[in-house]
Amino acid sequence: MKSWFVVALSWLMPFGVQAENADFARDVAPILEQHCLRCHNPGNVKGDFSLATIDHAREHDYLSPGQPDESHLLQLVTPPSDGERPEMPKEGEPLSAEQIDVLKQWIADGANWPNEIVLHEPSKVDKSWWSFQPLADVETPVVDDAPDDWQSHPIDRFVVATMSSKGLTPSSPADRRTLIRRATYDLLGLPPTPDEMAAFEADDSPDAWKRLIDRLLESPHYGERWGRHWLDVVRFGESRGFERNEIINNAWPFRDYVIRSFNDDKPFDQFVREQLAGDVIGADDPETAVATTFLVCGPYDDVGNQDAAQAAQIRANTIDDIIRGTTEAFIGLTVGCARCHDHKFDPIRQTDYYALYATFAGVTHGPREVSTTEQRQQRTEQLVPLEEARNELQQPIDRIEQSIRERAKSREDELAAAWTRPPLQRTLTEESFEPTEVRFVRLVVEGAENNPAARSGYRIDEFEVWTAGEESRNVALKSAGGHAIGDSRIAADFNGAYSADLTNDGLFGARWIASGPHLTIDIKDHWTIDRVVFSSDRKGDSAGHNVASFISEYHIEVSTDGEEWTTVADSHDRQPINDAHRNHRMRQAVITSEERQQLADLRKQLGEVNRQIAAIPVLPVWWVGNYSRPAGPFHTFLGGDPQKPGEVVTPASLSLVDNVPAPTADLTQIGQARADLAEWLVDPQNSLTPRVLVNRVWHYHFGKGIVDTPSDFGAMGGQPSHPELLDWLARKLITPAAEGGFGWRLKPLHKFIMMSQAYQQSSAHREEAAAIDADSRLLWRFPPRRLSAEEIRDTMLSVTGQLDTTMGGPGFRLYRYLQDNVATYVPLEEHGPETYRRAVYHQNARATVVDLMSDFDCPDPAFAAPKRSATTTPLQALTLMNHDFTLDMANALAARLTSDVGDDAAAQVERGFELAFGRSPSETEREASVQLVEQHGLVALCRVLLNANEFIYLQ
């Protein structure tokens, strides 16, 4: 059905329309779209009534074709009397008398509505919006009165032209010290060393700046810095999020892939293809296949709701995250806002959203083996002979076990005759015996309920020891002096959570979880007892659940001294607790000593073979997602509800970019729709992708993009401050290198930007300029900035000489990870040397607080962070002053200063300023600092240096 979109507003409709000539497309559709579709559309069917198509409109007979006096629609929009508001529309201006006349004549003429016309509520902007236009082919402007050094570079000419139009002038060039610090932090996220600064300041050659940029771009630290930016954009986190928030330990290869891609200056169009369809284009190449972690690196709800409707909603939420992550990262559009209805602000249809839904429908979160054909073949060759040997050993074991089972079966009645007592009960099991004087009572477990051969993993909620006689009392109670002893499962998040103390506290519900076969009760005195009672579910509220898993076989021992033990009761004459217990008992009754020996020998050999198999390295299993052929057919979800399917859709791209061929709807090959989407994204005619990319690079160089909403180029986003420059750079980015462009590579773009005078100018404040452009958006000065959380931490480690520059591999944690039913992340109080790597290698979990990192606005990866916040809070000052990490760094810096220059206070001050600020102290600073060292020690000075604004701000 052809989509019909009318952009004319109702008040622009010609008032001279003749009633007898009322045409639906020209006269009626604009009225319905402007006044009715906001509420009465398939995604928001208020009153269960839609006016999107003629079929929808006919469902409730609201039109009454040919009978305008009977039309319910006309009754709703017509005022009941002069001055009164009609019942509809509920919001906005009522229809004018002329518009009502048009509807009345249209209905009188039979309410002709062509089937192919579908109405849509107009969005705030249409396809004429600036970011949807092709890249403009613009010439660099010439500004005659601009400074000479701003006349040659294309960026400077665009920037100074905009400045001049606002009455602004550029600032003078920054000094050498400022420039090398700016460039080094910008490209590497680390401070330059004093030697590097001295060498650059002394280099007066005309290409010194160019060579500095080249050197920095070749550093492997470049990928760490700029890879971190991309990980922010794509919401990369290493825990699943939501209620359970279980940690993900095998997502780090994607982080390494991103860093490697930036260091290799991989063309960004290839980077896009790999992240959307690496499993397709690199099926036999792990270095490419790992890129698809991009699709599944967002939050993932794995609770596993058993309700079908809720499960479908969770699945829809999961794919929504992929759609949002993809479209916001690559084309800077909030496509997710079209999930429930057409986008209110941008010309994005709900069908566009669900075309992408169909594209990603075959993606599921989770780990997958990632290896080459050669690796798989090599492992198979190693495994085959060992698996054959294992099978040869398993066969005689199976034969012996079968013989034992047959003999046991033949004696079942005979053996069962001895089981005269009822089976154990979780709710209460009691053993009585002759009165015996004891001090110690011991439960010896011979088998667990879930595994009759196991002697651990069972639960006990209470164990009672009762004295003989008429006034019997439970002497096992802690309150009576009793003490319970037993090995327990350790709960890292709560000491004693499952301890043996729970078995004699007189309470039911909390249980001891045993890690061994013994529970001993020391009753602290000699008592004559004749009965014990124990249970795992005394209240009976955990029937059938493993949380109260009991024992299956046991015996009770007593002792007066804890050395000599006597058995007073056992379960051997009780009926089995379950079939597994029954089979185990019968097996133990009929197996011969010869069979035991044979099985022991065979299993020893089998264990050795299994050890050899285990020693063969497993193939990598990474969090890269799993991919299947989507089932289809796919529909829109009315109102975003999976239980309300709407129009059928197939994989496609966004209809608003109609100058780029749409991907083919190929569902026969796994991932082909994603590969086609990637090609659509990087098509040279798709202006969104290069604009968004250039803007992101500009944002990270200058602190704010040409568009100040890096992931929203739609109507609710910002307007470009330099639109011609943005298009000029975007065109140069995608132009092949052979034709003078960058060929989608970022390193030449960095260098091009940094060679401009706009980048090299001073950050000095000027009142008259600030009055016109307070946040330096027009670049009359270089905008100063605070270092990011990662830069602050990495700088501390670097200047103190503690930074571990090891690249890649599993990350480190600044928290203690605890997991039971849910995951808990407890910030570390002490950060040891194992955490002294660059912060990009921190295993960032969602919904965690990591002291210095969180305090300085490191974003939670539960959401994409296209731009970082830069708050100023008292907690930041307290963290820098008092946190154990910063205190450790102050001590380390003091040790380095002493090692570098000895004990001379003046030399220590000089060296400290060089390392922390890249400069020598002023005379005032030197005198005050020496006095501080002499009175309070070198560590006090180091704390001051690490707490200075100059340490964490970049000019």
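1. First, a term you'll need: a residue is called buried here when its relative accessible area is under 20%, exposed when it is over 50%, and partly exposed in between. R911 has a relative accessible area of 18%, so it counts as buried. Keep in mind throughout that this is a predicted model.

2. Staying with R911, have a look at its partner. R911 makes a salt bridge with D900, and the closest N and O atoms are 3.1 Å apart. The two residues sit in distant parts of the chain, with R911 in helix α30 (residues 905-917) and D900 in helix α29, eleven residues apart. D900 has a relative accessible area of 36%, so this end of the pair is partly exposed, whereas R911 is buried at 18%.

3. Next, a salt bridge with a long reach in sequence. R228 pairs with E790, and their closest N and O atoms are 4.0 Å apart. This one also links distant parts of the chain: R228 belongs to helix α9 (residues 221-233), E790 belongs to helix α26 (residues 789-799), and their positions lie 562 residues apart in the numbering. Are the two partners buried or exposed? R228 is buried, because its relative accessibility is 9%. E790 is buried too, with a relative accessible area of 6%.

4. Then there's R919 and E950, whose closest N and O atoms are 2.8 Å apart in their salt bridge. R919 is in the loop between α30 and α31 (923-936) while E950 is in helix α33 (residues 949-952), so the pair ties together parts 31 residues apart in sequence. R919 comes out as partly exposed, because its relative accessibility is 21%, and E950 is partly exposed at 26%. The pair also belongs to a wider set, as R177, R919, E925 and E950 are linked in a network of salt bridges. For the whole model, the count of salt bridges comes to 58.

5. E238 is worth a look as a charge without a partner. You'll find E238 in the loop between α9 and α10 (252-263). What is the nearest side chain of opposite charge to E238? That would be R255, 4.9 Å away, and E238 has no salt bridge even though it is buried. The cut-off for a salt bridge is 4 Å between a side-chain nitrogen of Lys or Arg and a carboxyl oxygen of Asp or Glu. Setting aside residues up to four places away in sequence, E238 touches I247, I248, A251, W252, H842, Q843, N844 and R846.

6. On the surface, look for E829, E830, D884 and D888, which gather in a patch of negative charge. D884 is in helix α29 (residues 884-901). D884 has a relative accessible area of 31%, so it is partly exposed.

7. P720 shows the chain coming back to itself. P720 is in the loop between α21 (688-702) and α22 (723-734), and it counts as buried at 15% relative accessibility. S131 is 589 residues away from P720 in sequence, yet their C-alpha atoms are 9.4 Å apart. Which residues does P720 contact, leaving aside neighbours within four places in sequence? They are W130, I706, V707, L726 and R777.

8. Q350 tells a similar kind of story. Q350 is in helix α15 (residues 350-360), and at 7% relative accessibility it counts as buried. From Q350 to G639 there are 289 residues along the chain, but 9.7 Å between the C-alpha atoms. Leaving aside neighbours within four places in sequence, the contacts of Q350 include A338, R339, C340, H341 and D342, as well as T636, F637, L638, G639 and G640.

9. Finally, L938, for a contrast in distance. L938 is in helix α32 (residues 938-947) and is buried, because its relative accessibility is 12%. L938 and L681 are 257 residues apart along the chain, and 57 Å separates their C-alpha atoms. Not counting residues up to four places away in sequence, L938 touches A894, L897, T898, Q908 and V933.

Conventions:
Residues are numbered from 1 along each chain as its sequence is written. This is a predicted model: local features need pLDDT of at least 70, side-chain atom pairs count only at pLDDT 80 or more; totals for chains, interfaces and linings use all residues. Side-chain values use heavy atoms; hydrogens and water are left out. Patches are made of residues with over 30% relative accessible area and no salt bridge: like charges are joined within 9 Å, nonpolar side chains (Val, Leu, Ile, Met, Phe, Trp, Tyr) within 5 Å. Accessible areas come from the Shrake-Rupley method with a 1.4 Å probe; for residues, only the protein chains shown count as cover. Lys and Arg count as positive and Asp and Glu as negative; His and the chain ends are not counted. The place of a charge is taken as NZ of Lys, CZ of Arg, CG of Asp or CD of Glu. Helices (H or I, at least four residues) and strands (E, at least two) are DSSP runs, numbered from the N terminus. Buried means under 20% relative accessible area, exposed over 50%, partly exposed in between (1.4 Å probe, protein chains only). Contact means heavy atoms within 4.5 Å.
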